[in-house]
Structure formats: C-alpha cells, structure tokens
Amino acid sequence: MESVKATKGTGVVTSVPSDSPDDYMTTEDLRTKAEYYKVSSKRVAFEPVPVIETAKYSLSSKFAKNAKEIAYKEGFYSGTIIIIIGDFKGESVQDVKPKIRTQLIEKDLLSPTQSLRIWSCRSSADECVVALMDQWYMNYVELTLNICFRLLARMDTWTAETRNLFESILAWLNQWACARTHSLGSKMPWDPQFMVESLSDSTIYMAYYTCRAPAASITGHTVGPLGVTAQQMTDEAWDYIFCNGPWPNPEPFPREKADTMKHEFDYFYPFEIRSSGKDLVQNNLTFLLYNHVAIFPEDKWPLSIRTNGHLMLNGQKMSKSKGNSLTLREGIEKFGADAMRLTLADAGDGVEDANFDEKTGQRKHLASAHSYLDATNQNGGHGPRNYHDRVFEEEIINHIDITKHHYETTSFKDALKYGFYEFQNIRDWYRKVTADVGMHIDLVKYWIRTSPLLMAPFAEHTA
C-alpha cells in the first residue's frame, strides 16, 4: 500500500493480506494506529476475511519471511474458494479467477484497463500512455501451426541457436496488430483511415530488388528502360510476376515487358541467404517467413536465414554517448581495407557478439599479411620428395579443404584460422624440419600460389 502510485490509474489498489505480508502488516498497523495515520477508526474496524484455503497451509498459519511468494503460488495453484462468491465456492482459484473477472465485467462492476509495464517516453520527452483504439489484426494461426513450421524444418538456419529462437517465436507470435494511423506507409485497402504497419508491409522488399525495371529512380518518379510507370504496376500485374497469376485483361502494359520482369524474379528467387541481426528474429525475420508463406508459391520460399550478434569495439558495446564508435570508412582510413577485413573476420561471426580489436587491426593482421613472402625466401632443392615433403603437401591439401568448408558455411573466423594462421604454421613447421636439407622448391611455390587464393576473400589487395 505504501508503494501506491497516484499516477497509475486512480492510485487505488486492492489490499491482499492473504498473499502479502506487507499488506497484512500495513492493515494491522492501520487498525492499531488509526489516529496516527489520521484515518477514521470506523473505516478500519474490521477483521480480514479468509477467502482461500489450501491443504498445505491452514488459516492460522504464521507468516514466514518469504510468505509472499509461498502464499501466492500455493493459493493460486492449490487453493480453493471457501466463502460464497457467486456459485464458485469449492472451486480452485486458478479456474475461478477468469470466471469472476467475466462476471464482474458483465455486471458493470469492473472496467478493464491497459497500461505500460514500465515508464516510456517519445523522443520529444512526452510520456507514452495506452489508448484503446480500433485496430486490425493479422491472424497467422494457421500459418504458424502448419506451413511456417514446415518451412523452418527444411530451411537452413546455420546455427542451432537461430533455429531454436525461430521455433519459440513461432509458438506464440500468431496475431499481430497490422495497422497504424500516423507516419509513412501504404493505405489499408479496405480501411483507408489506417496505414499498414511497417513489419507487416516491408519484409518482402527483397522480391522487388529482382525487378526494378519499372523505375529508374528510387522514388519511382522517373520511368525505367521498360517504359512502365508505377501506376501501371497493378495488383494483378504483380500477381502475374510473383505468384504465377493470370495476365490481366485488359492489360495495363504489354505482356512482353512483364515477362522480362518475371524472368528476373524467377532467376534470383528464392533468395539463398538472408543475413541479419539476431535481435530481428522476434520481429522482422519472423514476419519475413509469415509473409513469404502467405504470398509466394512454395518454390519461392526462403532457403536460409543466418543471424549474427552485435559488434563490440575493444570489448565494449559501441555507443554514440561514449564516443567509442568506428565507422567502416574510419576503419579503412586507419588500418587499410585488408587489415580491416581481416580484423572483422577475426572478430567472430556466430550469434554471440563479435569483438573488433583495434590492436589486431594495427599490428597482428597487417604484419602477418606481408610476412609470408619473406618467410618463404629460402633456397630449396628439386629432386625426389622425402617424408616431410609428402606430409607438407598433404597438409596444404587438407587446409585447402577445411578452409573451403568454412567459407561455404560462412564460418569466416574459422576460415581465417585455417586459411591464414594455420596455413602459415604448417609452412613454419616444414621450414624447421627441413632446415638441414632445405625445402622442396616445387612445394614452396605450391604454398605461395595457394596462400593468396585462400586469403583473397579477406585481403584481396594483399593477395
């Protein structure tokens, strides 16, 4: 009761002495010190009424230190109503609670309210409040229970963590408020006073990348090379391009032009990988699945979605307020393009947050990138190959295969490890064990030719 906030509702809450030692103690304090608290003694001249009884705790049980948590759980999950409340005497508390709520609303004794769990404000510093307004909802229940889980089962998520996160989100995110009344957006076709909410409207934009021929500018004001205007791109035309629908009659523009766009879409779709931040699984990426399943035929569904963590700088979260941010342009100017790319690869590429270490960019990678040529500047022979020569050759082949696998699975940190660091280590080992006879010149050349190829995706200029 002492925590009542006058800014929340009417500032009145229900005292629940059965579930809260704080409320019980405050109630007893008011009864015994009514004059001190300037409360009329008549208003507190009552005894707490027992309402709930459980098998584990009797009505006379003493309050323990952690009684609030114990009493609440015990009362809700194991308690039964012991007084006449409507027709609910003897029923369990967890079953009765929604019934009592419904009954009170029907008798106009209760008005449901909604509020934010925490204080929130806009960028203008205005406090946000909940307003009960008309709203359109997108019902994804059928998609969730059936088709989306089937898509997820066959789709490559690259990591188990991403797959588990998708499964948990799909299990509960099945109805979504899809309309809003302000900002930019597309009008609701059946209710123009609303605009389509951005997540419901923007998660298939990659499909439009494949056929931008109608416009030559991003705003759509300039007609593209096909001579088709934005107004001519009707819903029926998009259905023909994206969903194999019938060509409309009358046609909005020549069908040959639509076939050109459809050919581009069929060539690029479905997309092979969508890479994004792990925090977008619970919104943008989940709606990407919903909307692709709802709109496109099955052969155009996504093949894979890969998520990654955030990027830290020198072990700390980048923040404008702290001033510890580094843009790509600043990084290139400071370290060079190749050292920047090598350091980013070394930072990590899983769902865990990656760490860009500036010390690595300043020294380690750049020095190593130029050291391998000097390190192989050693006289060698030709002739037959000995045991160490054959082992070195097999190690080169093995590291090529391992590095290729990590490139294909977008495990760039491991690709850098085996294609750069470990590849230099096997050369150092070979040079050491052949110090008395010299390295075989053909294998040295093989290593030198291969090393830049393995480095090229990271450090193309050095390679």
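Here are three short exercises on aromatic rings and surface residues in this predicted model.

**Exercise 1.** Classify the aromatic pair formed by Phe242 and Phe265, and find which helices the pair ties together.

*Solution.* Start with the geometry: the ring centres of Phe242 and Phe265 are 4.7 Å apart, and the planes meet at 50 degrees. Planes under 30 degrees apart count as stacked and those over 60 as edge-to-face, with the rest called tilted, so this pair is tilted. Next, place the residues: Phe242 belongs to helix H8 (residues 235–243) and Phe265 to helix H9 (residues 255–268), so the pair links parts that are 23 residues apart in sequence. Both residues are buried. Finally, look around them: Phe242 and Phe265 belong to one aromatic cluster, with other members including Trp238 and Tyr269.

**Exercise 2.** Now do the same for Phe287 and Tyr290: how are their rings arranged?

*Solution.* The ring centres lie 5.8 Å apart and the planes are at 70 degrees, so this pair is edge-to-face. As for location, Phe287 and Tyr290 both sit in helix H10 (residues 281–295), 3 residues apart, which is about one turn of the helix. Both of them are buried.

**Exercise 3.** Decide whether Leu311 is buried, partly exposed or exposed, and name the surface patch residues that accompany Leu311.

*Solution.* First find Leu311 in strand E10 (residues 311–313). Its relative accessibility is 34%. Buried means under 20% and exposed over 50%, so Leu311 counts as partly exposed. Together with Leu328 and Leu344, Leu311 makes a nonpolar surface patch of about 240 Å².

Methods. Residues are numbered from 1 along each chain as its sequence is written. This is a predicted model: local features need pLDDT of at least 70, side-chain atom pairs count only at pLDDT 80 or more; totals for chains, interfaces and linings use all residues. Side-chain values use heavy atoms; hydrogens and water are left out. Rings of Phe, Tyr and Trp (its six-membered ring) pair if their centres lie within 6.5 Å; planes under 30 degrees apart count as stacked, over 60 as edge-to-face and the rest as tilted. Helices (H or I, at least four residues) and strands (E, at least two) are DSSP runs, numbered from the N terminus. Buried means under 20% relative accessible area, exposed over 50%, partly exposed in between (1.4 Å probe, protein chains only). Patches are made of residues with over 30% relative accessible area and no salt bridge: like charges are joined within 9 Å, nonpolar side chains (Val, Leu, Ile, Met, Phe, Trp, Tyr) within 5 Å. Accessible areas come from the Shrake-Rupley method with a 1.4 Å probe; for residues, only the protein chains shown count as cover. A salt bridge is a side-chain nitrogen of Lys or Arg within 4 Å of a carboxyl oxygen of Asp or Glu.
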